[in-house]
Amino acid sequence: MLDRIDALREELTDVTLTTLDEAEDFRITYLGQRSGIITNLFKKIGQVAPADRPTVGKQLNALKQRAEAIHQEAVDRLEQAAGPAAPDVDLTLPGRTPRVGSVHPLAQTLHDITRLFERFGFAVAEGPEIEDDWHNFTALNFPPEHPARDMQDTFFVEPPEGPRNGVVLRTHTSPVQIRVMENTAPPVRIIAPGRVYRNEAISYKSFCLFHQVEGLYVDEGVTLGDLKHILRTFAEAFFGADVQMRFRPSYFPFTEPSAEVDIWWADPEHPDGGRWMEILGSGMVHPNVLEAVGADPERYTGYAFGMGVERIAMLRYGIDDIRTFYENDVRFLQQF
Ligand code: DAH
């Protein structure tokens, strides 16, 4: 038995394993459970004379450990040479795209309009969405009972005949003109972006809330030419130099003269190839408005305008129904 062990020990010194298959063959040959050479020697230890068994057992154990070490060393060496195991992922699967939100088209449009007017030298002013009668109507030259109040389908917070003389959800951003001029003497050059509310029949072109950007410039010697210039400059910067626009005479209590501005909306499906779309009201600030805020109408003149942000966003993005801005349908919002 000891001779056999010696011979095997000798044999092991010559072993060179160069592939993982060879290492596995080696393991089965010497250490295999059923008929490995060394395993079989252990099975025969019962035939050794009892006195020799401790020595034989010890040597056999050493031989087994030697064989195991040779095998383990070969496996470690060969696996390392093969490089890291292939990662447990399927690189051909399509990736998972993270869902990213987008800026709402109205917020984007409001932001872009504001930025343009800031570049033209306008400061940004704000006012409350809940307004009193004075700022929303009276100071803007809507006398009580004046039919022009009917132009603005008002949501009342407090009834007009009540003790507080009417508190409303502002129907336009024009009250910010009053708030600014009450606190600042001319020259004044501001825009006021914000939300407004109207109790109107809801349709593709009207919603109960929408956004406006008010503009106001009051100084000595401001003319209608200045108004036309700033609005054309804005339209060309916003819609492109080939924009088609027109000034159309109109009426507002707080401006005289007044004009509305239309932009041509090209639409191949329309019989005329498109149509004029109103985007803003404007005019020269009425002397009564200047007087209401304590500015001298003999000394100062000014222009004002109020543009509909939804209308402008609809033109810009080719949207034909205002309600889509307020439905929060992801399929709509994803497109921006
Ligand atoms: N406030 C008007 C509206 O909501 C729009 C408007 C017209 C604003 C003329 C102005 C202006 O500042 O001068 O219909």
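Strand E6, strand E8 (255-266), strand E9, strand E10 and helix H10 (309-317) each supply at least two residues of the lining of the largest pocket. The model is predicted, and the ligand sits in this largest pocket. Three of these elements also serve the shell around the ligand: strand E6 (209-219), strand E9 (274-285) and strand E10 (301-308) each give it at least two residues.

**The largest pocket**

- The space in the largest pocket comes to about 670 Å³.
- Its lining is made up of 32 residues, and those closest to the pocket centre are Arg198, Phe210, Gln212, Glu260 and Glu278.
- By class, the lining of the largest pocket divides into 12 nonpolar, 12 polar and 8 charged residues.

**The shell around the ligand**

- There are 15 residues around the ligand, of which His172, Ser174, Arg198, Gln212 and Glu214 come nearest.
- Arg198 and Gln212 appear both among the residues nearest the ligand and among the lining residues closest to the pocket centre.
- The shell around the ligand has 4 nonpolar, 9 polar and 2 charged residues.

**Polar contacts and cover of the ligand**

- His172 places a polar side-chain atom 2.9 Å from a nitrogen atom of the ligand.
- The side chain of Ser174 has an N or O atom 3.0 Å from a nitrogen atom of the ligand.
- Phe305 takes part through its backbone, where a polar atom is 3.3 Å from an oxygen atom of the ligand.
- On its own the ligand has 350 Å² of accessible area, and the protein covers 93% of that area.

**Backbone geometry**

- Most residues other than glycine have a negative phi, and most peptide bonds are trans. The residues below depart from one or the other of these patterns.
- Pro186 and Pro187 are joined by a cis peptide bond with omega of about 5°. Pro187 is found in the loop between helix H7 (175-183) and strand E5 (188-197).
- A cis peptide bond also runs from Glu256 to Pro257, with omega near -5°. Pro257 is found in strand E8, one of the elements that supply at least two residues of the pocket lining.
- Asn141, a residue other than glycine, has a positive phi, near 70°. Asn141 lies in the loop between helix H6 (133-136) and strand E3 (156-158).

Conventions
Residues numbered from 1 in each chain as written. Predicted model: local features only at pLDDT ≥ 70, side-chain atom pairs only at ≥ 80, totals over all residues. Heavy atoms only, no water. Near = heavy atom within 4 Å. Polar contact = N/O pair within 3.5 Å; in protein donor to acceptor, adjacent residues only side chain to side chain. Areas by Shrake-Rupley, 256 points an atom, 1.4 Å probe, with all protein chains shown as cover. 1 Å grid on protein atoms, 1.4 Å probe; cavity = no way out; pocket = protein on both sides within 12 Å on 5 of 7 lines; lining within 4 Å. Sits in = over half its atoms within 2 Å of the grid points. Helix = DSSP H or I, 4+ residues; strand = E, 2+ residues; numbered from the N terminus. Nonpolar A, V, L, I, M, F, W, Y, C, P; charged D, E, K, R; others polar. Points joined across faces, edges and corners; volume = space filled by probe spheres on them.
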